[in-house]
Amino acid sequence: MEIKKAKTQGFCFGVAITLKKAEETLANPASGPVTTLGHIVHNPQMVESLEEKGLIDARSVDDVESGTLFVRAHGLPVEVFEKASAKGLTIVDATCPMVTKIHVQAERLRADGYKIVVVGDPNHPEVKGTLSHVPGAWIVQQPEDVDALPRASRVGVVVQSTWSGVGFTEIVRKLSSKYYDVRAVNTICTDTHNRQSEAEKLATEVEVMVVVGGKTSANTKHLADLAATRGAVSYHIEGPDELQPQWFAGIRTAGLMSGASTPGWLVDKVEAQMEALSRRAS
Ligand code: SF4
């Protein structure tokens with residue numbers, strides 16, 4: 001079986017920066033206990049490795065008594081930063097620059113008089129952070145949501161960094177048919193955009209597509225869904241143990257790609273296991 005790997009593999013630059021900063025913070029004795037709110041990345045192996053080095057995962061800033069609050073790539077709502085400062089916590093902010101850009105774009109649109117629409121999942125931490133910069137913004141996940149939106153004269157749109165490009169385009173089209181003045185800023189990050197383009201292309205060249213990434217990773221899920229719409233049988237896995245021999249029986253070409261928070265070494269392990277299973281099946 002030939003395995004075709006996507007060009008973009010391993011961590012995106014935002015996750016790579018976050019992990020480097022986390023390692024540095026944990027190694028610094030002045031940091032005290034280091035806490036993140038939620039898993040530092042959507043990757044169980046990396047979470048485990050950093051927790052072994054002392055990283056604490058808390059649900060709320062109310063649960064953090066001392067030391068350092070480490071802000072992961074998704075960012076945090078403004079009020080959480082304020083609360084952490086008021087408690088005297090040291091804040092290490094590893095918010096991805098592409099996420100900060102969304103906050104800035106949304107604030108600019110609001111200052112220009114636009115009613116803000118955020119395209120994304122309201123339960124995703126990044127979106128919660130964005131909404132805190134533009135309180136009262138409307139949230140939209142699918143074109144049908146636009147029907148229920150109130151009237152407005154000017155609508156400004158930003159989108160979750162890891163959203164599907166196709167989904168965003170459909171929503172902007174629907175907004176444009178409802179509102180007179182729509183200004184949409186495509187804030188899907190470059191890494192996500194590249195991976196989605198590669199998934200679309202690769203899925204037309206292979207019979208089976210394996211996408212490696214955390215089950216809670218939005219960008220990985222979108223890649224697997226996208227590959228499925230382009231004709232490949234698509235599997236979203238977290239590691240090599242989930243691969244099933246029957247997936248590769250009689251298969252001549254398989255694609256392999258990863259989400260933004262999947263380390264390169266894990267992709268290599270998956271590749272090796274795919275090769276072993278295909279040899280066994282032939
Ligand atoms: S997926 Fe994009 S926005 Fe998220 S951390 Fe990576 S580069 Fe930043």
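Which helix lies across β1, β10 and β12? Select residues 264-281. This is helix α9, and α9 lies across those strands. Its direction runs at about 165 degrees to β12. Keep in mind throughout that the model is predicted.

**Stop 1: the sheet**

Now show the strands beneath α9. They belong to an open sheet of four strands. Read across the sheet and the order is β1-β12-β10-β11, with parallel pairing. Color residues 2-5 and 233-237 to mark the edges. These are β1 and β11, and each pairs on one side only. Turn the view to follow the twist, which averages 20 degrees from one strand to the next.

**Stop 2: β1 beside β12**

Zoom in on β1 and add residues 253-258, which form β12. The two strands pair in the parallel sense over four bridges. For a landmark, label I3. Opposite I3 stands A254 in β12.

**Stop 3: another helix on the sheet**

Select residues 190-203 next. This is helix α7, which packs on the sheet. Helix α7 touches β1, β10 (208-212) and β12. The direction of α7 makes about 170 degrees with that of β12.

**Stop 4: around the ligand**

Center on the ligand. Which residues come nearest to the ligand? Label C12, G14, C96, S161 and C189: of the 15 residues around the ligand, these come nearest. Then color the shell by element. Helices α1 (13-27), α4 (97-111) and α7 each give two or more residues. The largest share, three residues, comes from α1. Recolor by class, and the shell divides into nine nonpolar, five polar and one charged.

**Stop 5: the domains**

Zoom out and color by domain assignment. Domain 1 covers 2-10 + 192-281, domain 2 covers 13-96, and domain 3 covers 98-188. Place a marker at the C-alpha centre of domain 1 and another at that of domain 3. The two centres lie 30 Å apart.

**Stop 6: where domain 1 touches domain 3**

Move to the contact between these two domains. It takes seven residues from domain 1 and seven residues from domain 3. Stay on the side of domain 1 and select α7 together with α8 (218-229). Each of these helices supplies at least two residues to that side. Which element gives the largest share there? Helix α8 does, with four residues. Finish by coloring this side of domain 1 by class: two residues are nonpolar, five are polar, and none is charged.

Notes
Residues are numbered from 1 along each chain as its sequence is written. This is a predicted model: local features need pLDDT of at least 70, side-chain atom pairs count only at pLDDT 80 or more; totals for chains, interfaces and linings use all residues. Two strands pair if DSSP finds at least two bridges between them. Axes are lines fitted to C-alpha atoms, for helices over the stretch in contact, and angles run from 0 to 180 degrees between N-to-C directions. A residue is near a molecule or strand if its C-beta atom, placed from the backbone, lies within 6 Å of it. Ala, Val, Leu, Ile, Met, Phe, Trp, Tyr, Cys and Pro count as nonpolar, Asp, Glu, Lys and Arg as charged, and the others, Gly among them, as polar. Domain bounds come from an automatic or database domain assignment.
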